[in-house]
Amino acid sequence: MREDERYAASLVATSRHALGHFDAFGRYSALGVAEGEASEELLLRAGLRLPQRVEWLGELGYAAYRFHAPGTALERTGIGDALLHARLKLRDEGMPHESPWLPAVGVSVLVRAPLGALAGRHDTSFGSGGAQLGLGAWELGAGIEARRSLVPKLELMLGAEGAFRFEDHVLGRTRPRQLGPRADVLLGARALPSAWSAATLALRARFAGDVTLDDRRLPGTGERLLSVVLGGAFYDRSSKLRSSLTLSLDPPVRSLSVGSTAAAALSVALGYGVE
């Protein structure tokens, strides 16, 4: 949501195509000519600002995941998990003449409810398609972010979020599983070339601990994924419509990521907001 909006809703369509995979030692293997891994997701988001410094955001999506290789084909469709975010703005950015010139600071909490299609499956899939179809586990997290303007039309952003995943029974009641804790860090910059547009460039890192299965930690199942994100947003105050285009790339460079999938993704969003 924009800071001047009281409530808003948007529809986000994302297409994601895998480039290759990193193993537990950071070694990268590109997908073969006869291999393919892709997903499409349609995400509905709704936000409300009440009171003025508290922003509530809920989201729910539907996704399709496909993987094929010689002699193997896999396809899944279904809803994803439900997410609820709450963000509190602790302080506004200080004025340039103040010393020290402090950034704007906000804190957030999130809850993920395992409503996704993965929660109803009893198999051992930890593949990259699981994210859109749900983790299969409750997740509780918290985050903090800071923003500071360098010049009137350029600001820097720094954020961090951590989350704990609770034990689940995706693999059956007799095989308890617990995903490792997650941590996300983001560093970026946002330019405001006009009153109706914005451009963002960010570097995002995600870390996840090892999976525990049957009360035994499985070494080498943790993840590290580095992504570069480029986005553009456009607003039309007269119609209250807004749109955005986001490109994301997980660089396929050896040792840059671990235990994860390198992919390229394109997201298009169309929303409506009321000030």
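User: Let's start with Tyr28: does it count as buried, exposed or partly exposed?
Analyst: This is a predicted model, and in it Tyr28 counts as partly exposed, because its relative accessibility is 23%.

User: How many aromatic pairs are there?
Analyst: The count comes to three aromatic pairs. In one of them the ring centres of Phe22 and Tyr28 lie 5.0 Å apart with the planes at 50 degrees, so this pair is classed as tilted.

User: And Phe22, buried or exposed?
Analyst: Phe22 counts as buried, because its relative accessibility is 5%, whereas its partner Tyr28, at 23%, is partly exposed.

User: What about the rings of Phe164 and Phe166, how are they arranged?
Analyst: The ring centres of Phe164 and Phe166 are 5.0 Å apart and their planes stand at 90 degrees, so the pair is edge-to-face. Phe164 has 41% relative accessibility and therefore counts as partly exposed, and Phe166 is likewise partly exposed with a relative accessible area of 37%.

User: Which residues make the nonpolar surface patch?
Analyst: Phe164 and Phe166 both belong to that patch, which covers about 970 Å² and is completed by Tyr7, Leu48, Leu50, Trp56, Leu84, Val111, Trp138 and Leu140.

User: Where is Leu48 found?
Analyst: Leu48 is found in strand 3, which spans residues 36-49. With 38% relative accessibility, Leu48 counts as partly exposed.

User: Staying with strand 3, which strand does it pair with, and over how many bridges?
Analyst: Strand 3 pairs with strand 1 in the antiparallel sense, and eleven bridges join them. As an example from that pairing, Leu43 in strand 3 is the residue that stands opposite Val12.

User: What else does strand 1 pair with?
Analyst: Strand 1, residues 7-22, also runs antiparallel to strand 17, residues 261-274, and 14 bridges join the two. Within strand 17, Val268 is the bridge partner of Ala13. Strand 1 also pairs in the antiparallel sense with strand 2, residues 28-30, over three bridges, and there Ser29 of strand 2 is the residue opposite His21.

User: In the hairpin of strand 1 and strand 2, which residue takes a positive phi?
Analyst: That residue is Gly26, whose phi is near 85 degrees, in a hairpin that has five residues between its strands.

User: Switching to charges: how many salt bridges does the structure hold?
Analyst: The structure holds 21 salt bridges. One of them links Asp23 to Arg27, with the closest N and O atoms 2.7 Å apart. Both partners are partly exposed: Asp23 has a relative accessible area of 25%, and Arg27 has one of 39%.

User: What does Glu59 form a salt bridge with?
Analyst: Glu59 forms a salt bridge with Arg45, and the closest N and O atoms of the pair are 3.1 Å apart. Because Glu59 lies in strand 4 (residues 54-69) and Arg45 in strand 3, this pair ties together parts that are 14 residues apart in sequence.

User: Is Glu59 buried or exposed?
Analyst: Glu59 counts as buried, because its relative accessibility of 17% falls under the 20% cut-off. Its partner Arg45, with a relative accessible area of 31%, is partly exposed.

User: And where do Asp81 and Arg112 lie?
Analyst: The side chains of Asp81 and Arg112 meet in a salt bridge at 3.4 Å, N to O. Asp81 lies in the loop between strand 5 (72-79) and strand 6 (82-91), while Arg112 lies in strand 7 (residues 104-113), so the pair ties together parts that are 31 residues apart in sequence. Asp81 counts as buried at 6% relative accessibility, and Arg112 is also buried, with a relative accessible area of 15%.

User: Which residues do shared salt-bridge partners join into one network?
Analyst: Asp81 and Arg112 are joined with Glu139, Glu161, Arg165, Arg182, Asp184 and Arg206 into one network, through salt bridges that share partners.

User: Tell me about Glu139: where does it lie?
Analyst: Glu139 lies in strand 8, residues 139-151, and with a relative accessible area of 1% it is buried.

User: Which side chain does the side chain of Glu139 make a polar contact with?
Analyst: The side chain of Glu139 makes a polar contact with that of Arg165, at 2.7 Å, and both residues belong to the salt-bridge network described above.

Terms used: Residues numbered from 1 in each chain as written. Predicted model: local features only at pLDDT ≥ 70, side-chain atom pairs only at ≥ 80, totals over all residues. Heavy atoms only, no water. Patch = residues over 30% accessible without salt bridge, like charges linked within 9 Å, V, L, I, M, F, W, Y side chains within 5 Å. Areas by Shrake-Rupley, 256 points an atom, 1.4 Å probe, with all protein chains shown as cover. Salt bridge = Lys/Arg side-chain N within 4 Å of Asp/Glu carboxyl O. Helix = DSSP H or I, 4+ residues; strand = E, 2+ residues; numbered from the N terminus. Buried < 20%, exposed > 50% of the residue type's maximum accessible area, 1.4 Å probe, protein only. Phe/Tyr/Trp six-rings, centres within 6.5 Å; stacked < 30°, edge-to-face > 60°. Pairing = 2+ DSSP bridges. Polar contact = N/O pair within 3.5 Å; in protein donor to acceptor, adjacent residues only side chain to side chain.
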